[in-house]
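Student: I have a structure to go through and some questions about it. Can we start with the cysteines and then do the helices?
Tutor: Fine, here it is.

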Amino acid sequence: MSAAMDLKDDAQAAGTVGFVGLGVMGEPMCRNLARRSGRGVLAFDRAAEPLARLRDHGVQAAADIGELAERCSVILLCLPSGNHVAEVCRGADGLLARLGAGRTVVDLGTSPVALTRELAAAFGERGVRYADAPIARTRQAAEEGTLSITVGSDPATFEAIRPLLACLGSDITHCGPVGSGQIVKILNNMVLIETVVALSEALAVGRRAGLDGAVLFDALSKGSADSFALRNHGMKAVLPGVFPEKAFSTAYAPKDLGYALALGDDAGLPMEGARLAERLLKRAAEDGYEQHYWPVVSRVIDSTG
(Lines give C-alpha, C1' and ligand atoms only; values in the text may rest on other atoms or scores of the structure.)
Protein backbone atom coordinates (compact mmCIF):
# COMPACT_ATOMS: atom_id res chain seq x y z
CA MET A 1 0.00 0.00 0.00
CA SER A 2 1.37 3.46 -0.92
CA ALA A 3 2.27 6.18 1.58
CA ALA A 4 -0.45 8.33 0.01
CA MET A 5 -3.01 5.60 0.65
CA ASP A 6 -1.80 5.30 4.28
CA LEU A 7 -2.34 9.02 4.80
CA LYS A 8 -5.79 8.84 3.22
CA ASP A 9 -6.80 5.95 5.46
CA ASP A 10 -5.48 7.73 8.56
CA ALA A 11 -7.43 10.87 7.70
CA GLN A 12 -10.56 8.84 7.09
CA ALA A 13 -10.17 6.99 10.40
CA ALA A 14 -9.70 10.26 12.30
CA GLY A 15 -13.01 11.57 11.00
CA THR A 16 -15.19 8.46 11.33
CA VAL A 17 -16.86 7.16 14.48
CA GLY A 18 -17.98 3.55 14.73
CA PHE A 19 -21.12 2.48 16.59
CA VAL A 20 -22.00 -1.13 17.45
CA GLY A 21 -25.45 -2.07 18.78
CA LEU A 22 -28.65 -0.42 17.56
CA GLY A 23 -31.20 -1.67 20.05
CA VAL A 24 -33.74 0.23 22.12
CA MET A 25 -31.16 2.74 23.35
CA GLY A 26 -28.48 2.39 20.70
CA GLU A 27 -30.51 3.44 17.68
CA PRO A 28 -31.51 6.90 18.97
CA MET A 29 -28.03 7.41 20.40
CA CYS A 30 -26.44 6.63 17.04
CA ARG A 31 -28.87 9.00 15.37
CA ASN A 32 -27.93 11.83 17.75
CA LEU A 33 -24.25 11.11 17.21
CA ALA A 34 -24.70 11.51 13.45
CA ARG A 35 -26.76 14.67 13.85
CA ARG A 36 -24.56 16.44 16.39
CA SER A 37 -20.97 15.27 16.14
CA GLY A 38 -20.08 16.72 12.75
CA ARG A 39 -18.30 13.44 11.96
CA GLY A 40 -19.15 10.51 9.78
CA VAL A 41 -20.77 7.59 11.59
CA LEU A 42 -20.38 3.96 10.55
CA ALA A 43 -22.68 1.53 12.37
CA PHE A 44 -23.00 -2.23 12.72
CA ASP A 45 -25.87 -4.36 13.98
CA ARG A 46 -27.11 -7.83 13.17
CA ALA A 47 -30.59 -6.44 12.47
CA ALA A 48 -31.09 -4.68 9.15
CA GLU A 49 -34.09 -2.55 10.18
CA PRO A 50 -32.34 0.03 12.41
CA LEU A 51 -29.54 0.38 9.89
CA ALA A 52 -32.12 1.15 7.20
CA ARG A 53 -33.81 3.77 9.39
CA LEU A 54 -30.51 5.42 10.28
CA ARG A 55 -29.48 5.68 6.64
CA ASP A 56 -31.83 8.66 6.30
CA HIS A 57 -29.78 10.41 9.00
CA GLY A 58 -26.45 9.94 7.25
CA VAL A 59 -25.31 6.81 9.09
CA GLN A 60 -23.45 4.30 6.92
CA ALA A 61 -23.84 0.56 7.48
CA ALA A 62 -20.74 -1.55 8.08
CA ALA A 63 -20.56 -5.07 6.71
CA ASP A 64 -18.89 -6.39 9.86
CA ILE A 65 -16.76 -5.48 12.87
CA GLY A 66 -13.66 -5.65 10.71
CA GLU A 67 -14.82 -2.74 8.57
CA LEU A 68 -15.29 -0.63 11.69
CA ALA A 69 -11.79 -1.50 12.85
CA GLU A 70 -10.35 -0.47 9.49
CA ARG A 71 -12.21 2.81 9.09
CA CYS A 72 -12.85 4.26 12.56
CA SER A 73 -10.61 5.95 15.09
CA VAL A 74 -13.20 5.67 17.87
CA ILE A 75 -15.66 2.78 18.27
CA LEU A 76 -18.62 3.03 20.63
CA LEU A 77 -20.25 -0.17 21.90
CA CYS A 78 -23.89 -0.19 23.03
CA LEU A 79 -24.51 -3.86 23.72
CA PRO A 80 -26.88 -5.78 26.03
CA SER A 81 -24.31 -7.36 28.36
CA GLY A 82 -20.68 -7.93 29.17
CA ASN A 83 -20.84 -11.24 27.29
CA HIS A 84 -21.68 -9.38 24.09
CA VAL A 85 -18.87 -6.88 24.71
CA ALA A 86 -16.41 -9.73 25.26
CA GLU A 87 -17.53 -11.40 22.02
CA VAL A 88 -17.09 -8.23 19.96
CA CYS A 89 -13.69 -7.53 21.49
CA ARG A 90 -12.17 -10.99 21.98
CA GLY A 91 -13.64 -12.93 19.06
CA ALA A 92 -11.40 -14.34 16.34
CA ASP A 93 -12.24 -11.35 14.12
CA GLY A 94 -12.90 -9.01 17.02
CA LEU A 95 -11.55 -5.60 17.88
CA LEU A 96 -8.58 -6.84 19.89
CA ALA A 97 -7.29 -8.73 16.87
CA ARG A 98 -7.80 -5.84 14.46
CA LEU A 99 -7.30 -2.46 16.11
CA GLY A 100 -3.94 -0.74 15.99
CA ALA A 101 -2.33 1.86 18.20
CA GLY A 102 -3.98 5.24 18.53
CA ARG A 103 -7.59 3.98 18.34
CA THR A 104 -10.17 4.19 21.14
CA VAL A 105 -12.93 1.80 22.28
CA VAL A 106 -15.77 3.03 24.51
CA ASP A 107 -18.24 0.68 26.22
CA LEU A 108 -21.58 2.48 26.67
CA GLY A 109 -23.32 -0.55 28.15
CA THR A 110 -23.29 -2.09 31.60
CA SER A 111 -20.50 -4.65 31.94
CA PRO A 112 -18.77 -6.38 34.87
CA VAL A 113 -15.99 -4.33 36.44
CA ALA A 114 -13.49 -7.18 36.21
CA LEU A 115 -14.14 -7.67 32.49
CA THR A 116 -13.85 -3.92 31.89
CA ARG A 117 -10.43 -3.79 33.52
CA GLU A 118 -9.25 -6.93 31.72
CA LEU A 119 -10.24 -5.52 28.33
CA ALA A 120 -8.65 -2.15 29.10
CA ALA A 121 -5.37 -3.90 29.92
CA ALA A 122 -5.51 -6.06 26.79
CA PHE A 123 -6.25 -3.10 24.52
CA GLY A 124 -3.59 -1.05 26.29
CA GLU A 125 -0.95 -3.60 25.30
CA ARG A 126 -1.83 -2.80 21.67
CA GLY A 127 -1.72 0.95 22.22
CA VAL A 128 -5.53 1.21 22.10
CA ARG A 129 -7.32 3.38 24.65
CA TYR A 130 -10.35 1.92 26.44
CA ALA A 131 -13.05 3.66 28.46
CA ASP A 132 -16.20 2.52 30.20
CA ALA A 133 -18.99 5.08 29.80
CA PRO A 134 -22.25 3.34 30.72
CA ILE A 135 -25.45 5.26 30.11
CA ALA A 136 -28.35 5.83 32.48
CA ARG A 137 -31.93 7.15 32.22
CA THR A 138 -34.72 6.24 29.85
CA ARG A 139 -35.40 5.62 26.16
CA GLN A 140 -36.84 9.13 26.00
CA ALA A 141 -33.55 10.49 27.31
CA ALA A 142 -31.74 8.52 24.61
CA GLU A 143 -34.04 10.10 22.00
CA GLU A 144 -33.48 13.60 23.39
CA GLY A 145 -29.75 13.22 24.01
CA THR A 146 -30.14 13.83 27.75
CA LEU A 147 -28.66 10.62 29.12
CA SER A 148 -26.46 10.50 32.21
CA ILE A 149 -23.07 8.99 31.43
CA THR A 150 -20.55 7.84 34.04
CA VAL A 151 -17.03 7.45 32.70
CA GLY A 152 -14.07 5.39 33.82
CA SER A 153 -10.82 6.27 32.07
CA ASP A 154 -7.58 8.16 32.38
CA PRO A 155 -8.03 11.97 32.18
CA ALA A 156 -6.63 12.28 28.66
CA THR A 157 -8.99 9.68 27.24
CA PHE A 158 -11.92 11.31 29.00
CA GLU A 159 -11.16 14.67 27.42
CA ALA A 160 -10.76 13.04 24.01
CA ILE A 161 -14.14 11.29 24.08
CA ARG A 162 -16.10 13.96 25.96
CA PRO A 163 -17.29 15.78 22.76
CA LEU A 164 -18.77 12.54 21.42
CA LEU A 165 -20.44 11.70 24.72
CA ALA A 166 -21.91 15.21 24.81
CA CYS A 167 -23.87 14.29 21.67
CA LEU A 168 -25.59 11.57 23.69
CA GLY A 169 -25.97 12.94 27.20
CA SER A 170 -26.52 16.10 29.22
CA ASP A 171 -24.72 14.89 32.36
CA ILE A 172 -21.27 13.41 31.89
CA THR A 173 -19.31 12.48 35.02
CA HIS A 174 -15.69 11.36 35.08
CA CYS A 175 -15.76 8.91 38.00
CA GLY A 176 -12.12 7.85 38.03
CA PRO A 177 -9.92 5.25 36.32
CA VAL A 178 -11.17 2.42 34.12
CA GLY A 179 -13.96 0.49 35.83
CA SER A 180 -15.18 3.43 37.90
CA GLY A 181 -17.96 4.32 35.48
CA GLN A 182 -19.25 0.76 35.63
CA ILE A 183 -19.20 0.74 39.44
CA VAL A 184 -21.36 3.87 39.55
CA LYS A 185 -23.76 2.59 36.88
CA ILE A 186 -24.12 -0.83 38.49
CA LEU A 187 -24.90 0.71 41.87
CA ASN A 188 -27.26 3.20 40.21
CA ASN A 189 -29.24 0.32 38.70
CA MET A 190 -29.25 -1.54 42.00
CA VAL A 191 -30.71 1.48 43.81
CA LEU A 192 -33.24 2.05 41.01
CA ILE A 193 -34.49 -1.54 41.04
CA GLU A 194 -34.72 -1.66 44.83
CA THR A 195 -36.62 1.65 44.79
CA VAL A 196 -39.14 0.31 42.27
CA VAL A 197 -39.64 -2.72 44.51
CA ALA A 198 -40.37 -0.38 47.43
CA LEU A 199 -42.78 1.68 45.31
CA SER A 200 -44.55 -1.48 44.16
CA GLU A 201 -44.97 -2.63 47.75
CA ALA A 202 -46.32 0.79 48.75
CA LEU A 203 -48.81 0.79 45.87
CA ALA A 204 -50.01 -2.74 46.62
CA VAL A 205 -50.51 -1.96 50.32
CA GLY A 206 -52.14 1.40 49.62
CA ARG A 207 -54.66 -0.02 47.18
CA ARG A 208 -55.57 -2.91 49.48
CA ALA A 209 -56.09 -0.38 52.26
CA GLY A 210 -58.56 1.52 50.08
CA LEU A 211 -56.33 4.33 48.81
CA ASP A 212 -56.29 5.56 45.22
CA GLY A 213 -52.86 4.70 43.79
CA ALA A 214 -52.63 7.95 41.82
CA VAL A 215 -53.28 9.94 44.97
CA LEU A 216 -50.59 7.96 46.80
CA PHE A 217 -47.89 8.47 44.17
CA ASP A 218 -48.77 12.15 43.72
CA ALA A 219 -48.46 12.70 47.45
CA LEU A 220 -45.16 10.79 47.59
CA SER A 221 -43.80 13.00 44.81
CA LYS A 222 -44.37 16.05 47.02
CA GLY A 223 -42.56 14.60 50.01
CA SER A 224 -39.29 12.98 50.99
CA ALA A 225 -40.10 9.81 48.99
CA ASP A 226 -39.88 11.73 45.70
CA SER A 227 -37.40 10.29 43.19
CA PHE A 228 -36.59 9.79 39.52
CA ALA A 229 -37.79 6.20 39.97
CA LEU A 230 -41.16 7.39 41.27
CA ARG A 231 -41.74 9.93 38.51
CA ASN A 232 -40.65 7.70 35.67
CA HIS A 233 -40.89 4.01 36.53
CA GLY A 234 -43.55 4.42 39.22
CA MET A 235 -45.95 6.86 37.60
CA LYS A 236 -45.42 5.81 33.98
CA ALA A 237 -45.24 2.02 34.35
CA VAL A 238 -46.14 0.64 37.79
CA LEU A 239 -49.19 2.85 38.45
CA PRO A 240 -50.93 2.37 35.04
CA GLY A 241 -49.67 -1.21 34.69
CA VAL A 242 -47.92 -0.54 31.38
CA PHE A 243 -45.02 -2.96 30.76
CA PRO A 244 -44.33 -3.14 27.03
CA GLU A 245 -42.10 -5.64 25.32
CA LYS A 246 -39.00 -4.47 23.43
CA ALA A 247 -38.00 -2.29 26.37
CA PHE A 248 -35.37 -3.01 29.06
CA SER A 249 -36.84 -6.34 30.03
CA THR A 250 -37.07 -8.63 33.03
CA ALA A 251 -34.60 -10.87 31.22
CA TYR A 252 -31.90 -8.19 31.43
CA ALA A 253 -32.49 -6.52 34.80
CA PRO A 254 -31.18 -9.47 36.91
CA LYS A 255 -27.91 -9.21 34.98
CA ASP A 256 -27.29 -5.74 36.44
CA LEU A 257 -28.21 -6.92 39.91
CA GLY A 258 -25.81 -9.81 39.45
CA TYR A 259 -23.01 -7.36 38.73
CA ALA A 260 -23.92 -5.44 41.91
CA LEU A 261 -24.01 -8.63 43.98
CA ALA A 262 -20.56 -9.55 42.67
CA LEU A 263 -19.27 -6.18 43.86
CA GLY A 264 -20.93 -6.81 47.21
CA ASP A 265 -19.26 -10.21 47.47
CA ASP A 266 -15.89 -8.62 46.76
CA ALA A 267 -16.57 -6.06 49.49
CA GLY A 268 -17.78 -8.70 51.97
CA LEU A 269 -21.33 -7.28 52.14
CA PRO A 270 -24.49 -9.45 52.05
CA MET A 271 -26.56 -6.98 49.95
CA GLU A 272 -29.88 -8.29 51.28
CA GLY A 273 -32.00 -5.64 49.52
CA ALA A 274 -30.44 -6.44 46.16
CA ARG A 275 -30.89 -10.17 46.72
CA LEU A 276 -34.60 -9.68 47.44
CA ALA A 277 -35.02 -7.65 44.24
CA GLU A 278 -33.16 -10.33 42.28
CA ARG A 279 -35.49 -13.05 43.60
CA LEU A 280 -38.57 -11.02 42.67
CA LEU A 281 -37.28 -10.37 39.14
CA LYS A 282 -36.53 -14.04 38.62
CA ARG A 283 -40.01 -14.88 39.80
CA ALA A 284 -41.47 -12.36 37.35
CA ALA A 285 -39.60 -14.10 34.53
CA GLU A 286 -40.88 -17.48 35.72
CA ASP A 287 -44.43 -16.09 35.75
CA GLY A 288 -44.23 -15.29 32.04
CA TYR A 289 -43.01 -11.68 32.11
CA GLU A 290 -39.45 -12.29 30.90
CA GLN A 291 -39.81 -10.10 27.80
CA HIS A 292 -41.80 -7.32 29.49
CA TYR A 293 -40.44 -4.02 30.80
CA TRP A 294 -38.83 -4.93 34.12
CA PRO A 295 -41.05 -2.82 36.49
CA VAL A 296 -43.57 -5.60 35.82
CA VAL A 297 -42.05 -6.99 39.02
CA SER A 298 -44.85 -4.97 40.64
CA ARG A 299 -47.34 -7.60 39.42
CA VAL A 300 -45.44 -10.29 41.33
CA ILE A 301 -45.52 -8.16 44.47
CA ASP A 302 -49.23 -7.38 44.06
CA SER A 303 -50.07 -11.06 43.60
CA THR A 304 -48.45 -12.06 46.89
CA GLY A 305 -50.64 -12.97 49.80
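Tutor: A disulfide is a pair of cysteine sulfur atoms within 2.5 Å. This is a predicted model, where local features need pLDDT of at least 70 and side-chain atom pairs count only at pLDDT 80 or more, while totals for chains, interfaces and linings use all residues. Residues are numbered from 1 along each chain as its sequence is written, and side-chain values use heavy atoms, with hydrogens and water left out.

Student: OK, how many disulfides does a search of the whole structure find?
Tutor: Zero.

Student: Why no bond for Cys72?
Tutor: The closest cysteine sulfur belongs to Cys30, and at 10 Å from the sulfur of Cys72 it is too far for a bond.

Student: And Cys167, what is its closest cysteine sulfur?
Tutor: That is in Cys30, 11 Å away, which is too far for a bond.

Student: Is Cys72 buried or exposed?
Tutor: Buried, with a relative accessible area of 0%. Buried means under 20%, exposed over 50%, and partly exposed in between, using a 1.4 Å probe and protein chains only. Cys167 counts as buried too, at 6% relative accessibility.

Student: Now helices. At what angle do α2 and α3 pack?
Tutor: About 25°, with the axes of α2 (residues 26-36) and α3 (residues 48-55) 11 Å apart. Helices here are DSSP runs of H or I with at least four residues, numbered from the N terminus. Axes are lines fitted to C-alpha atoms over the stretch in contact, and angles run from 0 to 180 degrees between N-to-C directions.

Student: What does that make α2 relative to α3?
Tutor: Roughly parallel. Angles under 35 degrees count as that, over 145 as roughly antiparallel, 65 to 115 as roughly perpendicular and the rest as oblique.

Student: Which residues meet there?
Tutor: Glu27, Cys30 and Arg31 in α2 meet Pro50, Arg53 and Leu54 in α3. Contact means heavy atoms within 4.5 Å.

Student: What about α10 and α12, how do their axes cross?
Tutor: At roughly 55°, and the axes of α10 (residues 180-208) and α12 (residues 228-238) come within 10 Å. That makes α10 oblique to α12.

Student: Which residues of α12 does α10 meet?
Tutor: Ala229, Leu230, His233, Gly234 and Val238. The α10 side includes Leu192, Val196 and Leu203.

Student: Which residues of α12 are buried?
Tutor: Ala229, Leu230, Asn232, His233, Gly234, Ala237 and Val238. What covers them includes α10, α11 (213-221) and α15 (297-302).

Key: Helix = DSSP H or I, 4+ residues; strand = E, 2+ residues; numbered from the N terminus.
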